[in-house]
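I opened a new notebook page for this chain today. My plan was to go from the whole fold down to single residues and jot things down as I looked them up.

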Amino acid sequence: MYLSRVRINNNKRNTIKFLSSPQVIHASVEGCFADDDQSRKLWRLDYLQNQPYLLLLSQAKPDFAELVKQFGYDGDTGECRDYQGLLDSLKAGARYRFRLCANPVVSLNVEPGKRGKVVPHVTIEYQEEWLRKRADTIGVSFDSFSVVQRGVKRFFRNGKKVTLHTADYEGILTITDEDMFKKALTNGIGRAKSYGCGLLTLGRV
């Protein structure tokens with residue numbers, strides 16, 4: 001696997017549409033790979049001193065040429081690192097800083113036997129509770145974290161309007177089950193993984 005990032009050029013005319021539409025980014029991300037590549041790609045927009053970056057986790061190395069042509073800086077090829085080394089180093093008991101953009105939702109069972117209606121958590125209290133409840137399935141315990149940013153994206157998919165509520169989490173975690181944690185890192189956490197949610201990244205404490 002590979003963890004990559006590429007700078008997004010705020011001065012290009014198409015960039016506003018790119019940054020505001022997860023559907024446009026999703027299509028652009030898929031365009032970085034072969035047409036027959038059906039593997040999951042996790043991505044997230046990050047900002048460093050107002051400079052937007054596209055962060056991408058993928059099975060194959062991405063080719064950013066077309067994405068850079070439309071939304072990046074001329075001549076930029078992005079950065080790409082082998083992710084396997086990090087996965088191999090993860091051990092139970094290790095502590096890391098983390099960042100996660102997620103789509104915290106709950107399924108409401110309206111009638112017995114029918115699929116519940118999925119609705120977003122819109123308050124910080126419930127968004128934080130949503131992540132705490134997932135600690136065991138992710139294979140971690142959370143030492144501390146907070147919601148540092150919240151957002152709402154509206155875009156069209158297959159002719160239908162989609163509203164996506166997101167929460168950005170930052171904090172410190174301790175690995176309790178390394179196999180479960182590796183699975184969470186590579187598969188993503190929560191819903192809307194094709195639209196910028198689910199990618200958890202690590203840093204040193």
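My entries follow, starting with the overall picture.

**Entry 1: the whole chain**

A reminder to myself before anything else: this is a predicted model. I looked up the secondary structure first and found 7 helices and 10 strands. Next came the dimensions, and the C-alpha trace spans about 50 × 45 × 35 Å along its principal axes. Is the chain as compact as a globule of 205 residues would be, or more extended? Such a globule would have a radius of gyration near 17 Å, and the chain has 17 Å, so the two agree.

I then checked burial, and 44% of the 205 residues are buried. The accessible surface comes to about 11700 Å², and carbon and sulfur atoms account for 46% of that surface. I also looked at how far contacts reach along the sequence. Of the contacts between residues at least 6 apart, 70% join residues at least 24 apart.

**Entry 2: the open sheet**

I turned to a sheet of 4 strands. In what order do they lie? I read the order as β8-β9-β5-β10, with antiparallel pairing in an open sheet. At the edges are β8 (140–157) and β10 (200–203), each of which pairs on one side only. From one strand to the next, the twist averages 15°. A note for the margin: strands of a sheet pair through backbone hydrogen bonds, either parallel or antiparallel.

I walked across the sheet pair by pair.

- β8 and β9 run antiparallel and are joined by 16 bridges; here Lys 153 stands opposite Leu 164 in β9.
- β9 and β5 are also antiparallel, over 8 bridges, and Tyr 96 faces Leu 173 of β9.
- β5 (residues 95–102) pairs with β10 in the antiparallel sense over 4 bridges, with Arg 97 opposite Gly 203 in β10.

I stopped at the connection between β8 and β9. The two strands form a hairpin with 2 residues between them, and Asn 158 in the turn has a positive phi of about 55°.

**Entry 3: helices on the sheet**

Which strands does helix α2 lie across? Helix α2 (residues 22–30) crosses β8 and β9 (160–175), and its direction is at about 100° to β8. Helix α7 (residues 178–187) lies across β8, β9 and β10, running at about 120° to β10.

**Entry 4: one leucine in α7**

I picked Leu 185, which is found in helix α7. Is Leu 185 buried or exposed? Leu 185 has a relative accessible area of 1%, so I count it as buried. I listed its contacts, leaving aside neighbours within four places in sequence: Leu 42, Leu 57, Tyr 83, Leu 87, Leu 90, Leu 200 and Leu 202. I also took the C-alpha to C-alpha distance from Leu 185 to Lys 91, and these two are 14 Å apart in space and 94 residues apart in sequence.

**Entry 5: salt bridges**

How many salt bridges does the chain have? The count comes to 11. I went through a few of them.

Asp 76 forms one with Arg 7, with the closest N and O atoms 3.4 Å apart. This pair links distant parts of the chain, since Asp 76 sits in the loop between α3 (65–71) and β4 (79–82) while Arg 7 is in strand β1 (residues 2–7), 69 residues apart. Arg 7 has 32% relative accessibility, so it counts as partly exposed.

Asp 37 and Lys 41 form another, their closest N and O atoms being 3.5 Å apart. Both Asp 37 and Lys 41 are buried.

Arg 95 and Asp 143 meet through their side chains at 2.8 Å, N to O. Arg 95 belongs to strand β5 and Asp 143 to strand β8, so this salt bridge ties together parts 48 residues apart in sequence. Arg 95 is partly exposed at 42% relative accessibility, and Asp 143 is partly exposed at 37%.

My last note is a network: salt bridges with shared partners join Arg 44, Asp 46, Arg 99, Asp 168 and Glu 170.

Technical notes. Residues numbered from 1 in each chain as written. Predicted model: local features only at pLDDT ≥ 70, side-chain atom pairs only at ≥ 80, totals over all residues. Heavy atoms only, no water. Pairing = 2+ DSSP bridges. Axes fitted to C-alpha atoms, helices over the stretch in contact; angles between N-to-C directions. Contact = heavy atoms within 4.5 Å. Rg over C-alpha atoms; globule rule 2.2 N^0.38 Å. Buried < 20%, exposed > 50% of the residue type's maximum accessible area, 1.4 Å probe, protein only. Areas by Shrake-Rupley, 256 points an atom, 1.4 Å probe, with all protein chains shown as cover. Salt bridge = Lys/Arg side-chain N within 4 Å of Asp/Glu carboxyl O.
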